[in-house]
Amino acid sequence: MENNMSLEFDAKSQNEGLARMVVSAFLTELDPTVEEMNDVKTAVSEAVTNSIIHGYGEKEGQVFMKCSLRKDNDLEDCILQIEIKDEGVGIEDIEKAKEPLYTTKPELERSGMGFMFMEMFMDHIHIDSKPGVGTTVFMTKKIKDNKKNR
């Protein structure tokens, strides 16, 4: 079984909450634990905030979010895949950007922990970025299908 969803929204900070809410609603079919739900919402929040703050800065733009759930009816785990994409400035050095406390916006008191949080809360992340083209963050997490066990 597979379920897919996509959303496009303005790169405005108030839409970060929208992305969290939409991914939460998308996951409800599995009846995830509070911890699983919070992990996914935190990772989505960090990725979307990075797109808005670092990808676009003061410029207007769009953030694209795609989610898919794949599950094998014989298994209890489902695979959640999330893609957060922007068409902003891109990242010059991905490895440097992933370093804890590194930020390109110190004047905004950014903590530089976004990628670290994504890595902590998801099973796998991959970042694809090209300067002047934009950034796409791919994240995956196994979620147990708790509704299947009822």
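**A five-strand sheet and what packs on it**

The sheet here is open, with 5 strands in the order E1-E2-E3-E5-E4 and antiparallel pairing. Strands E1 (2–10) and E4 (124–130) sit at the edges, each pairing on one side only. Going from one strand to the next, the twist averages 10 degrees. Keep in mind that this is a predicted model.

**The chain as a whole**

- Count up the elements and you get 4 helices and 5 strands.
- Read from the N terminus, they go β-α-α-β-β-α-α-β-β.
- The chain has 150 residues, and 42% of them count as buried.
- About 8400 Å² of the chain is exposed, with carbon and sulfur atoms supplying 48% of that area.
- Take the contacts with a separation of 6 or more: 67% of them are between residues 24 or more positions apart.

**How the strands pair up**

- Strand E2 (residues 62–71) runs antiparallel to E3, and 9 bridges join the two.
- On the E2 side of E3, Leu69 is the residue standing opposite Leu80.
- E3 is also joined to strand E5 (residues 134–144), antiparallel again, through 10 bridges.
- Leu80 has a bridge partner in E5 too, namely Lys141.
- E4 and E5 make an antiparallel pair over 7 bridges.
- Within E4 and E5, look for His124 opposite Thr140.
- As for the helices, H1 (residues 15–27) packs on the sheet and touches E1, E2, E3 and E5. The direction of H1 makes about 170 degrees with that of E1.

**The two faces of E3**

- In a regular strand, side chains alternate between the two faces of the sheet.
- You can follow this in E3 (residues 77–86), where the covered face carries Cys78, Leu80, Ile82, Ile84 and Asp86.
- The uncovered face of E3 has Asp77, Ile79, Gln81, Glu83 and Lys85.

**The nonpolar core**

- The largest nonpolar core contains 34 residues.
- Val40, Val44, Met65, Ile82 and Met139 have the most contacts inside this core.
- Two or more core residues come from each of E1, H1, helix H2 (34–56), E2, E3, helix H4 (114–121), E4 and E5.
- H2 gives the largest share, 8 residues.
- Val40 is a good place to start browsing: setting aside residues up to four places away in sequence, Val40 touches Val23, Leu27, Leu80, Ile82, Met122, Lys141 and Ile143.
- Two of those Val40 neighbours, Leu80 and Ile82, belong to the covered face of E3.

**Thr136, a buried spot in E5**

- Thr136 lies in strand E5.
- Its relative accessible area is 11%, so Thr136 counts as buried, the limit being under 20%.
- Beyond its neighbours within four places in sequence, Thr136 contacts Glu83, Ile84, Lys85, His126, Ile127 and Asp128.

**Salt bridges**

- Side chains of opposite charge can pair when their charged atoms come close.
- A search of the whole structure turns up 3 salt bridges.
- Asp39 and Lys141 form one of them, with their closest N and O atoms 3.4 Å apart. This pair ties together distant parts of the chain, since Asp39 is in helix H2 and Lys141 is in strand E5, 102 residues apart.
- Both ends of that bridge are buried: Asp39 has a relative accessible area of 13%, and Lys141 has 10%.
- Lys141 keeps turning up, as the bridge partner of Leu80 and as a contact of Val40.
- Glu16 and Arg20 make another salt bridge, their closest N and O atoms being 4.0 Å apart. The two are 4 residues apart in helix H1, so about one helical turn separates them.
- In that pair, Glu16 counts as buried at 18% relative accessibility, whereas Arg20 counts as partly exposed at 26%.
- Asp128 pairs with Lys130, and here the closest N and O atoms are 3.9 Å apart.
- Asp128 is partly exposed, with a relative accessible area of 35%, and Lys130 is partly exposed as well, at 47%.
- Asp128 also appears among the contacts of Thr136.

Terms used
Residues numbered from 1 in each chain as written. Predicted model: local features only at pLDDT ≥ 70, side-chain atom pairs only at ≥ 80, totals over all residues. Heavy atoms only, no water. Buried < 20%, exposed > 50% of the residue type's maximum accessible area, 1.4 Å probe, protein only. Pairing = 2+ DSSP bridges. Axes fitted to C-alpha atoms, helices over the stretch in contact; angles between N-to-C directions. Contact = heavy atoms within 4.5 Å. Core = buried A, V, L, I, M, F, W, Y, C linked by side-chain atoms within 4.5 Å. Areas by Shrake-Rupley, 256 points an atom, 1.4 Å probe, with all protein chains shown as cover. Salt bridge = Lys/Arg side-chain N within 4 Å of Asp/Glu carboxyl O.
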